[in-house]
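Q: Hi! I have a structure open and would love a hand reading it. Could you walk me through it?

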Amino acid sequence: PLLDRTKRLKLVQTGAGFDNVMIEECTKRGIYVAHGKGINARAVAEHVMGFILCWYKNLIYLDGMMKRGEYGVDYIGSELSGKVVGIVGLGNIGKEVARLANAFRMKVLGYPIRSIDMDTEIEFIDFTTLLKSSDIITLHLPLNDRTRQMIGRRELELMKKDALLINTSRGLIIDEAALIKALESKKIAGAALDVFETEPLPKDSPLRKLSNVILTPHTAGAPEGLRFHKNRYEFFIENIRRITSGKPPMNALNQI
C-alpha cells in the first residue's frame with residue numbers, strides 16, 4: 001500500500017537490515033533498494049565481545065553482589081584464550097568479530113552463508129560441526145527464508161552443555177520458545193541477546209526472569225552517537241546523489 005502511493009520513488013535506503021522491504025516488488029516498480037552494511041560493524045562486534053567478557057568474567061553477578069554489600073565469594077573466573085567461538089555468517093560484522101576474537105587468542109570457527117575472502121585466522125567448517133564444537137556461538141545473518149528459525153530445538157541440542165549463544169542480528173533467526181526451554185533445562189549454559197521475536201521484548205517474557213541470560217534492548221549497533229550518525233547519513237546522501245545522477249546506489253540489493 002505504501003508503494004502504491006509513492007509514484008515518484010526511486011530509492012529505498014535501509015540500515016544494515018532489509019527484511020522489512022519487499023525487494024521484488026520494488027524491482028518491478030523500478031525502485032532501487034540499498035542497505036548500509038558495514039557502517040556499524042565495529043559497534044556490533046564490540047557489543048558481542050562485551051557479552052562474552054560479561055559472561056566469562058561474571059561481571060553482572062559480581063557487580064550485583066558488591067552493591068548488595070557482600071564481598072567474599074567463592075568465585076573462579078574464566079579466560080577467553082583458548083575458547084572456541086563459532087561465527088555463523090561472515091559478512092562485515094562476522095569478520096570483525098573474528099578479528100577481535102583472534103586478538104583475545106580464541107580459536108575461531110566459521111560457517112559462511114556465502115563465499116568470502118578472509119584475512120583473519122579462521123577455520124571454515126560445516127554448520128553441525130560448528131554447533132557441536134563451539135564454546136560460544138554468535139549469529140550474524142540477515143533474516144530470510146533460509147535463516148528464519150535457523151536455531152531451533154535440534155540445533156540447541158547439538159550445542160555443548162556449557163555453550164553460550166549470542167544473537168545481535170534478528171530475533172526470528174532463533175526459535176525463541178525452544179531457546180527458553182533449553183535455558184530453563186540447562187541444555188545450554190546461557191544466552192546473550194540483543195534482538196527478539198517481538199520487539200520491544202514483552203514485559204512478561206520468560207527471558208526477563210532467567211539468571212543465565214544477558215539482555216540488551218537492540219542497541220548493539222548504536223555506537224558513539226554523533227560520529228556514527230554522521231558516517232551513516234553521509235553514506236545515505238551519497239546514494240541520493242548517485243540516484244539523481246542516474247547511477248546505481250552503493251550496496252544495491254537489486255538491479256533496475
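A: Happy to! One term before we start: two strands pair if DSSP finds at least two bridges between them. Also keep in mind that this is a predicted model.

Q: Good to know. Which residue in β5 is the bridge partner of Leu109?
A: That is Glu123. Leu109 falls within strand β4, which covers residues 107-111, and two bridges join β4 to β5, the two strands running parallel.

Q: And what is the strand order in the open sheet?
A: The seven strands go β5-β4-β3-β6-β7-β8-β9, and the pairing is parallel.

Q: Which strands stand at the edges?
A: β5 (123-124) and β9 (213-215) do. Each has a single partner strand, so one side of each is left without a neighbour in the sheet.

Q: What does helix α4 touch when it packs on the sheet?
A: Helix α4, residues 92-103, touches β3 (84-88), β4 and β6 (136-139). Its direction makes about 170° with that of β3.

Q: Which strands does helix α7 lie across?
A: Helix α7 (residues 176-184) lies across β7 (164-167), β8 (190-193) and β9. The angle to β8 is about 140°.

Q: Changing topic: I've been eyeing His47. Where does it lie?
A: His47 is part of helix α2, which spans residues 41-57.

Q: Is His47 buried or exposed?
A: Buried: the cut-off is under 20% relative accessible area, and His47 counts as buried because its relative accessibility is 19%.

Q: Okay, so which residues does His47 touch, not counting those up to four places away in sequence?
A: Those are Thr168, Asp194, Thr216, Thr219 and Ala220. With Thr216 there is also a polar contact between the two side chains, at 3.1 Å.

Q: How far apart are His47 and Lys57 in space?
A: They are 15 Å apart, C-alpha to C-alpha, and ten residues apart in sequence.

Q: Zooming out, how many helices and strands does the chain have?
A: Eight helices and nine strands. The radius of gyration is 20 Å, close to the 18 Å that the globule rule gives for 256 residues, so the chain is as compact as a globular protein of that length. Along its principal axes, the C-alpha trace spans about 65 × 40 × 35 Å.

Q: Last one: what share of the residues count as buried?
A: 43% of the 256 residues. As for the surface, the chain exposes about 14,400 Å², and carbon and sulfur atoms supply 51% of that.

Definitions and conventions:
Residues numbered from 1 in each chain as written. Predicted model: local features only at pLDDT ≥ 70, side-chain atom pairs only at ≥ 80, totals over all residues. Heavy atoms only, no water. Helix = DSSP H or I, 4+ residues; strand = E, 2+ residues; numbered from the N terminus. Buried < 20%, exposed > 50% of the residue type's maximum accessible area, 1.4 Å probe, protein only. Contact = heavy atoms within 4.5 Å. Polar contact = N/O pair within 3.5 Å; in protein donor to acceptor, adjacent residues only side chain to side chain. Axes fitted to C-alpha atoms, helices over the stretch in contact; angles between N-to-C directions. Rg over C-alpha atoms; globule rule 2.2 N^0.38 Å. Areas by Shrake-Rupley, 256 points an atom, 1.4 Å probe, with all protein chains shown as cover.
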